[in-house]
Amino acid sequence: MRKREIHIVGNWKMNQTLHEISQFFVEMTKMKMELKCKAWIAPQAIHIPILKEIAFTTGAIQIGAQNCCEHDSGAFTGEISPLALADMGVEFVIIGHSERRTIYKEDNELLNKKVLKALEHNLKVIYCVGETLDEREANLTHDILEKQLSVGLANIPKQKAHLLMIAYEPVWAIGTGKTASAEQAEEGHAFIRSHLPHSSDETIILYGGSVKPDNIEALLRKANIDGALVGGASLKANDFRQLCTVASIVM
Ligand code: PGA
């Protein structure tokens, strides 16, 4: 019996125009599904207000951000203020996605500051971890995860631990069509669960990396996998709906 609620989180990355967004919600509304899982979407920051408005009228979907700054306000041109996110009633923020780590060189120390700042404002944090293919092949997966968790999640106050979620995203599985097997993913999730700062059975741990309607069920059937962080397949209403439908059945 699963104690934790399943979350399907769409990471839209730098995609979707206003027209595509309205199409997405028109199709979602037509499908009239009964959601038993949590369905969340993180659009580009510029689209957060419009998505919040649509999500408010359609009811079922919560909106979050893909990143935030480690400061509240000030001379940080181009950054996204966690204070402003909280002020707008944004539900959650993704921190440490591998694209932020790799392309924008965000390291565990910086990510720790972002995590603590977001938690200070009571935003739910989806903190992403995961190894590259080279690291996996060199047998370094556990070392990498341990470092990402111990440094990135240092000093989290116990009373904020319930706001923390983790996404295990093996970098070699993101956008490549190569999903980790359910067994590989479960092994990673179990390791992560045993290395959380305030070890908690209740912490939601999502799997991410080429999750699709046809591979999600095997993943969600594993004891330590509480949902998915989905890129490509979250952009199409039909796929997103199917992911949520499977999640609602598995629950
Ligand atoms: P993907 O992306 O589902 O397209 O592999 C997942 C992610 O980057 O969060």
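This report describes selected features of a predicted model, namely its ligand site, two of its helices and several individual residues.

## The ligand and its surroundings

The ligand is surrounded by 13 residues, of which K13, H97, E169, G175 and S210 are the closest. Sorted by class, this shell consists of four nonpolar, seven polar and two charged residues.

Polar atoms of the protein approach oxygen atoms of the ligand at several points. In the side chain of K13, an N or O atom is 2.7 Å from a ligand oxygen. The side chain of H97 likewise places an N or O atom 2.7 Å from an oxygen atom of the ligand. The backbone also takes part: a polar backbone atom of G232 is 2.9 Å from a ligand oxygen. Of the 280 Å² of accessible area that the ligand has on its own, the protein covers 96%.

## Two residues with positive phi

K13, whose side chain approaches the ligand, lies in the loop between β1 (7-11) and α1. Although K13 is not a glycine, its phi is positive, at about 50 degrees. Most residues other than glycine have a negative phi.

N122 is another non-glycine residue with a positive phi, in this case near 60 degrees. The loop that holds N122 runs between α5 (108-120) and β5 (124-129). N122 counts as partly exposed because its relative accessibility is 49%, which falls between the limits of 20% for buried and 50% for exposed.

## Helix α1

Helix α1 comprises 14 residues, from 18 to 31. A rise of 1.5 Å a residue predicts a span of 20 Å, and the C-alpha atoms at the two ends are indeed 20 Å apart, so expectation and model agree.

Four residues of α1 are buried: I21, F24, F25 and M28. When the helix is viewed down its axis, these buried residues fall within an arc of 90 degrees and therefore line one face of α1. H19 and K30, on the other side of α1, are exposed.

## Helix α7

Helix α7 has 12 residues, 141-152, and extends 16 Å from its first C-alpha to its last. This span is close to the 16 Å expected at 1.5 Å a residue.

The buried residues of α7 are T141, L145, Q148, L149 and G152. Their directions, seen down the axis of α7, fall within an arc of 90 degrees, so the buried residues line one face of this helix. Within α7, L145 has a relative accessible area of 0% and is therefore buried. The C-alpha atoms of L145 and V129 are 6.4 Å apart in space, while the two residues are 16 apart in sequence.

## Buried charged residues and their contacts

D226 occupies a place in the loop between α9 (216-220) and β8 (227-230). With a relative accessibility of 0%, D226 counts as buried. Its side chain forms a polar contact of 2.6 Å with the side chain of R4. The side chain of D226 also reaches the backbone nitrogen of I205, at 2.8 Å.

K117 belongs to helix α5. The relative accessible area of K117 is 16%, and the residue is therefore buried, since the limit for this class is under 20%. A polar contact of 3.5 Å joins the side chain of K117 to that of D72.

## Buried residues in loops

C69 is placed in the loop between β3 (61-65) and α3 (82-87). A relative accessibility of 3% makes C69 a buried residue. C69 and L111 are separated by 42 residues in sequence, and their C-alpha atoms are 9.3 Å apart in space.

A173 lies in the loop between β6 (164-168) and α8 (182-193). Its relative accessible area is 0%, so A173 is buried. A173 and I63 are 110 residues apart in sequence, with a C-alpha to C-alpha distance of 25 Å.

Methods:
Residues numbered from 1 in each chain as written. Predicted model: local features only at pLDDT ≥ 70, side-chain atom pairs only at ≥ 80, totals over all residues. Heavy atoms only, no water. Expected span 1.5 Å × (residues − 1). Buried < 20%, exposed > 50% of the residue type's maximum accessible area, 1.4 Å probe, protein only. Arc of directions from axis to C-beta. Near = heavy atom within 4 Å. Polar contact = N/O pair within 3.5 Å; in protein donor to acceptor, adjacent residues only side chain to side chain. Areas by Shrake-Rupley, 256 points an atom, 1.4 Å probe, with all protein chains shown as cover. Nonpolar A, V, L, I, M, F, W, Y, C, P; charged D, E, K, R; others polar.
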